[in-house]
Amino acid sequence: MHIDVKKEIRESGPGKTGLIILLLMIGMAVLAPVLSPYNPYQQSTASLLPPSLNHWLGMNHVGQDIWSQLVYGARTSLLVGFGVGIFSTLLGTVFGVSAALVGGLYEKIVMRIVDAFIVIPMIIVVILISAYIRPGIATLILLLSLLSWQGGARVMRAQALSLKERGHVAAARSFGANRFYIAWRHIVPDLGPILLVDFIYGVRRAVFMEAGLAFLGISDPTVVSWGMMMRDALSFSYLNVWQWWLVPAGVALSLTIIGLTFVGHAAEPVLEPRLRGVEIA
Amino acid sequence: MLEIKNLQVSYGQEVILNGIDLKLEPGETLAIVGESGTGKTTLGLSIMRLVEGTIRGEIRFNGKNLLSLPDSEMQRVRWSRIAMAFQNANNVLNPVYTVLNQIMEPMIEHRLKSREEARDKARELLRYFGLQENRFAAYPHQISGGEQQRVLLAMAMSNNPELLILDEPLSSLDAASRAEVASLLKETDKHRTRLVATHDLDTAGKLADRMVVLYGGKIVESGPIRDMLSKPRHPYTRALIRAYPNMTTVKDLQGIKGMMTRPVSGCPFHPRCTQAIDICSQEVPELLPVSHGREVACHRGGIITLLSTGNLSKSFGSIKAVDSVDLHIEAGETLALVGQTGSGKTTLAKTIMGLHQPTGGTVYLEGEKVENRGKDFFGKVQMVFQNPGESLSHRLSVLEAVTEPLEIQETGTKEDRENKAIQVLGEVELPQTRDFLNKYPHHLSGGEMQRVTIARALVLDPALLIADEPTAFLDASVQAKILKLLLNLQEQRGLSLLYITHDIAAARKVSDRIAVMLDGRIIEEGPSNEIVATPKQDYTRRLLNATRI
């Protein structure tokens, strides 16, 4: 039976909402240069200005246009999010599926590594490492990916273990197919929905982590980010700048995470056994 | 007595008999067996020197080469010392003589007897062959075909020949008279040397001591007849036996793939053979001894063992799913593996296929140990799985599914692969339309899906097909169709089948041999008719009783 994940998402109310929010955010990130007339890094003497026709959300403490920062912040946030989503899902798939298909000692080693990572609270590790190396976007993507593929790998392995017992996999083996062919043609396509969910949750986690690290001030300070905007805004909380500085950044971040959650939630039913005999571990 | 050396007979360009070597001991009856058109009658006529074509070689009768005898001398040998009863009674009997006169004639002509003696002898012979007295004065067209045949036999015997050649001697008799005449020939006339040319294994079995199987003008197998009928060594002999109905046959009758064609380079049977290899189409195999009194003309030494297992075992933890199994499957035969659920049948099949690692023992393919299963192995052995819905990926269309094995084996171009797949789909009687090719498994019925999986297994042109409960998920009428299809495929392609089932009734209809499996062991194995008629194990009896309605 073919399951159309896109259809599942489109037909669920929250799913649709989430998808719209995400599309808006992506649109904002992609069209950033069009949407914002100013360079978000350009400092000026006009600091802490309230919103005006020229500066829709006013200016921050070093005279940067807050609207431009908000728009460019979406780029950082989504770039990190999607980057980590892709890499961690990829790593999870490679390790999970290979562990299931190869088995033996290799499987044991991979799965113990996964267990080890899962018991360590990731956020603490990320904070510690970031505090030392002050990661840029690329480093941050790499760091978060390396620390977040393990959960997915576990699910993928469980699923691949069940899939590899399928008749059509046995049939392919009886035609002389090697493990790579089986993984590529018979296992991974059937992991599709799980990959999608794993990916979406990976993105969500990364967006949140990126904002968190920037908020703590331990990411690259030269990169515009919603987390950093919120941090800066908080230090001027005694003024009423929070209305146009803190709130928009917070709302943008929350909306992004809510959008991802909605989409992920809507995609989840496709993993249910009633549809496929597939279960999420 | 009679010795034929390198006999070659041709009509114009067409070679009918090619290099026949035969020896006949005094008192022996030799059956010459083969399909119509293999040259049986020509052989008889050659000995009589009645053949119209060119004869080369030697036919020695008591040391004298008949072929170099002057006509006058041959005239004396013919009918008095070597006589022949022809196949086509109607054409042989002279319509203007009465039955009695027909028989008297050769005796008188050869001046062996006086008219009176000849009449008495003729009467005696006709009575002997069971012709009623009131028919003696009849003309040939006034008596039935069976009676004509009796007359012919009497005629051939009239001069008490040393060598009697019988061409389809019983073919126009009904079953009861056939048995009667056969016993006359066999019992009361057993010291005569006879050559029986027949396509009828029953006649051969009733009359002969030894059998020679002719195909395409060559001897392909010879040996003691009982031995040959119970254990044929040449694929053609087996095919003949398989095609012949008798009361012990439980399997459906099967023809032989293709048609006899002449001329053929190499082994005459190779276009229809179940185990032909390259050399078979290039060189003519010699008739070589294989075991006591048996000779086979086959480059592969007779029917080969395609796949066998030696002590094959597979355990899951402490459970011995397959326990020291020795099994062999000959090229072109069907072996049914019968046993209840959980007896280890599927595990055995999967272990043979390499889907399970054996815990012990070996698999041999064509006598060679199977170590790493590669293209060689999978190109020869393929499997059809139990549940067609499961064994087809729901993501692959019919065309994609059927081309998959070719793609894995990287055979040919994409177009070649698709053409091959379409051709095989035709073989399994599925539509070859674009519309059907693009269908997904969930658009197909159970029977269609199983046909697709069969096509997929056949697309690599395997020699052995392992069918694991291929009809378990299908209703009885579809099951019948699939089993028929498997049998047809076996006939067309000369496939070997390992048919796995819990249903001994179905096994009996499709298999040559049955192996019964219980708790991972083969407890009983033998020809299907014997297993079904006289099971030795209680368990087999239980299986049989369970299928009786």
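Start where the chains meet: select the 21 residues of chain B that are in contact with 16 residues of chain A. Keep in mind that this is a predicted model.

Now colour chain B by element. Four of its elements each supply at least two residues of the side that touches chain A: α12 (375–380), β18 (381–384), α13 (388–391) and α14 (398–408). Pick α14(B) next. With three residues, α14(B) gives the largest share of that side. Switch to colouring by residue class. The side of chain B that touches chain A shows eight nonpolar, eight polar and five charged residues.

Move to the N-terminal strands of chain B. Select β2, β1, β4 and β5 of chain B, in that order: these four strands form an open sheet with antiparallel pairing. Which strands stand at the edges? They are β2 (14–24) and β5 (64–65) of chain B; each has a single partner strand, so one side of each lacks a neighbour in the sheet.

Zoom in on β1 (residues 2–11) of chain B. Eight bridges join β1(B) to β2(B), and the two run antiparallel. For one example, select B:Glu3; its bridge partner in β2(B) is B:Lys23.

Add helix α1 (residues 40–48) of chain B. Helix α1(B) packs on the sheet and touches β1, β2 and β4 (54–61) of chain B. The direction of α1(B) makes about 70 degrees with that of β2(B).

Finish on chain A. Show it as a cartoon: 13 helices, zero strands. Its C-alpha atoms fill a box of roughly 75 × 45 × 25 Å along the principal axes. Of the 281 residues in chain A, 46% are buried. Among contacts in chain A between residues at least 6 apart in sequence, 73% join residues at least 24 apart.

Key
Residues are numbered from 1 along each chain as its sequence is written. Chains are lettered from A and ligands numbered from 1 in the order in which they are written. This is a predicted model: local features need pLDDT of at least 70, side-chain atom pairs count only at pLDDT 80 or more; totals for chains, interfaces and linings use all residues. Two residues are in contact if their C-beta atoms, placed from the backbone, lie within 7 Å. Ala, Val, Leu, Ile, Met, Phe, Trp, Tyr, Cys and Pro count as nonpolar, Asp, Glu, Lys and Arg as charged, and the others, Gly among them, as polar. Two strands pair if DSSP finds at least two bridges between them. Axes are lines fitted to C-alpha atoms, for helices over the stretch in contact, and angles run from 0 to 180 degrees between N-to-C directions. A residue is buried if 20 or more other C-beta atoms lie within 10 Å of its own, exposed if 12 or fewer, and partly exposed in between; C-beta atoms are placed from the backbone.
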